Each structure stands twice: as structure tokens, then as C-alpha cells.
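The following exercises are intended for a reader who is new to this structure. Each consists of a task and a solution in steps.

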Amino acid sequence: MATKATKATKATKTTKATKSTKSTTKTKKAAKAPAKPARKAKPAAKASKTAKPATKATAKTTAKAAAKTTAKAAAKPKAAAKPAPAKTAKPAPKKKAAEPKLAFKAGDYVVYPTHGVGLVSGIEKETIAGHDLRLVVVTFDTDRMTLRVPTDKMEVSGLRKLSSRKVMDNAVTTLKGRARIKRTMWSRRAQEYEAKINSGDPVSIAEVVRDLHRNVGQPDQSFSERQIYEAALERLAGEFAAVESIEKEEATEKLEQVLNAA
């Protein structure tokens, strides 16, 4: 019995030694063997492959639903942002427009085409039919009349300052020229003469005086010719006197002297 126990003990020791030797050998081999590289992680793409593809019907339904949602979103107008309440700025006081300066003032001599030389007695302001107007008040001693011309109508009406000395010299030179009589009916010539007188141009008026002076005092001169001649001479003498600062009678005499010397 003792012998069997001894054998069993030896067998057990031999088995343990063998196992220990094997485990040691395995450990040495594991140490000698190169470490295996770690496995690479599978890309996410592969995982997606496992998902089952959606059917065509499902894809179409999804596309239609997305299109409807987009259309509804586009149709609904976005609520406009409420503007911040603007501060009510106080309106600036209106400045009165500067009144244009006139070419003349009270006490100046001016020429109105159909009435000749007049004197500016003043500038007045009046309200007519709801409109504020500035009026140039011109008095004509010869005709004993007063004329009020709106400042914005002066150019249209022909109201102007006196002619310069150069213009008056040209008119006097015209008187020295030779008369030019048209061979037309007197009625037509009379209309042309009146138009020249009413133009207010000193040179044109001088032409009338020159053309009609040749028959002054002649028996063949008509009454209308005499009237037109005197009207033209008076108109020319009036402006000539104002320019030369002399009396009208003196101016008339000087002009007649020029006509007689021609």
C-alpha cells in the first residue's frame, strides 16, 4: 500500500513537472513569436452596405413629400419684421425763396414798347386770385396813364431799360441815311411802320422817321402819313432825351436838325 502511494505521488509530481515545462515552453514561444498586428476597423461604408436599399416606390413617395413641403414653405410668405417706430422729426421751417433782383428800381426810366418811355414809381406787392405778385408800377406822363407789370411778365411784355448811347448813336446815324420807300399800297406800308414803332427798337423807329420825313410839309402827304411820322418822332425823341438827360423838346429839335441836314 505504501508503494502504491509512493508511485501515485511520483506520477503526480511528474505530471505537474511536465505541465510546468509545457507552459514554460509555450511562454517562451509566445515571447519569441512576433506580435500579431491589430485588426483594422472596418470602415463605416461597409456597415452601410448591410442596410437594405429602399424600394423605388418608397423613394418616389419621399421625393414627392419633400417637394410638397418645399412648395408650401415657398408659398407661405415670411412674416415681415415689424419696423421700429420712426421718430417723428419736426419739419424744418420753410425758408422764403429769395426774390429775384430787378434790373431797375423806383426812379428809373424804362421803355414799354407800345407806350414809349415811362418812369418807375415803385414796386408793389398784391394778391390777385390767391397769387402773390410783385408789380412794377410805371407812369407815363405823356399819355397820363399808370401801368402795372408783373415782374415775371416783364420779358414777355417787352419792358426794358433805356437803350445805351451806342444804340442811340446808331439810330441817329440811320436818320442820316437815304429814305427807302417800297412800291406797295400805303395800307400795307402803314402796318409795317406801326409794327416798327411798337417794337420799341430805336433803330427801327428811326427808319420810319427817315422814310416819312421827305414828304413833311408837302401837299401830297396824307393825314395818316403825318400821324405815323409824328408818333415815330415823338417815341424816338422821348428815349433820346432820357438817354442824353435833356428835355424832350430839345431832343426833338436835335433830331429834326439831323434830318434836315441829311
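Strands, as the term is used here, are DSSP runs of E with at least two residues, numbered from the N terminus. Two strands pair if DSSP finds at least two bridges between them. The model under study is predicted.

**Exercise 1. Strand pairing**

Task: Determine which strands β3 is joined to, and describe the turns.

Solution.
Step 1. Strand β2 covers residues 116-128 and strand β3 covers residues 131-140; the two run antiparallel and are joined by nine bridges.
Step 2. Between β2 and β3 lie two residues, and the strands form a hairpin. In this turn, A129 has a positive phi of about 55°.
Step 3. Six bridges connect β3 with strand β4 (residues 145-150), again in an antiparallel arrangement.
Step 4. The hairpin of β3 and β4 has four residues between the strands, and R144 takes a positive phi near 55°.
Step 5. V137 can be followed across the strands: V137 is the bridge partner of G122, and V137 also stands opposite R148 in β4.

**Exercise 2. An aromatic pair**

Task: Classify the aromatic pair of the structure as stacked, edge-to-face or tilted.

Solution.
Step 1. The structure holds one aromatic pair. The rings belong to W186 and Y193, and their centres are 6.0 Å apart.
Step 2. Planes under 30 degrees apart would count as stacked and planes over 60 as edge-to-face. The planes of W186 and Y193 stand at 55°, so the pair is tilted.
Step 3. As to exposure, W186 is partly exposed at a relative accessible area of 23%, whereas Y193 is buried at 5%.

**Exercise 3. Salt bridges**

Task: For the salt bridges of E239, E207 and R226, find the partner of each residue and state where the pair lies.

Solution.
Step 1. A search of the whole structure finds nine salt bridges. Side chains of opposite charge can pair when their charged atoms come close.
Step 2. E239 pairs with R160, with 3.1 Å between the closest N and O atoms. Because E239 lies in helix α8 (residues 223-244) and R160 in strand β5 (residues 160-161), the pair ties together parts that are 79 residues apart in sequence. E239 is buried, with a relative accessible area of 4%, while R160 is partly exposed at 23%.
Step 3. E207 pairs with K196, the closest N and O atoms being 2.9 Å apart. E207 belongs to helix α7 (residues 202-213) and K196 to helix α6 (residues 186-199), 11 residues apart. Both are partly exposed: E207 has a relative accessible area of 23%, and K196 has 28%.
Step 4. R226 pairs with E230 at 2.8 Å, N to O. These two residues are four residues apart in helix α8 and are therefore separated by about one helical turn. R226 is partly exposed at 30%, as is E230 at 41%.

**Exercise 4. The surroundings of a helix**

Task: Decide whether α7 is mostly covered or mostly uncovered, and name the elements against which its buried residues pack.

Solution.
Step 1. The 12 residues of α7 reach 16 Å from the first C-alpha to the last, close to the 16 Å expected at 1.5 Å a residue.
Step 2. Residues under 20% relative accessible area count as buried. In α7, 10 of the 12 residues are buried, and the helix is mostly covered.
Step 3. Among these buried residues are P202, I205, V208, V209 and L212.
Step 4. The buried residues of α7 pack against β5, α5 (165-175), α6, α8 and α9 (248-261).

Methods:
Residues are numbered from 1 along each chain as its sequence is written. This is a predicted model: local features need pLDDT of at least 70, side-chain atom pairs count only at pLDDT 80 or more; totals for chains, interfaces and linings use all residues. Side-chain values use heavy atoms; hydrogens and water are left out. Rings of Phe, Tyr and Trp (its six-membered ring) pair if their centres lie within 6.5 Å; planes under 30 degrees apart count as stacked, over 60 as edge-to-face and the rest as tilted. Buried means under 20% relative accessible area, exposed over 50%, partly exposed in between (1.4 Å probe, protein chains only). A salt bridge is a side-chain nitrogen of Lys or Arg within 4 Å of a carboxyl oxygen of Asp or Glu. The expected span of a helix is 1.5 Å times one less than its number of residues. Contact means heavy atoms within 4.5 Å.
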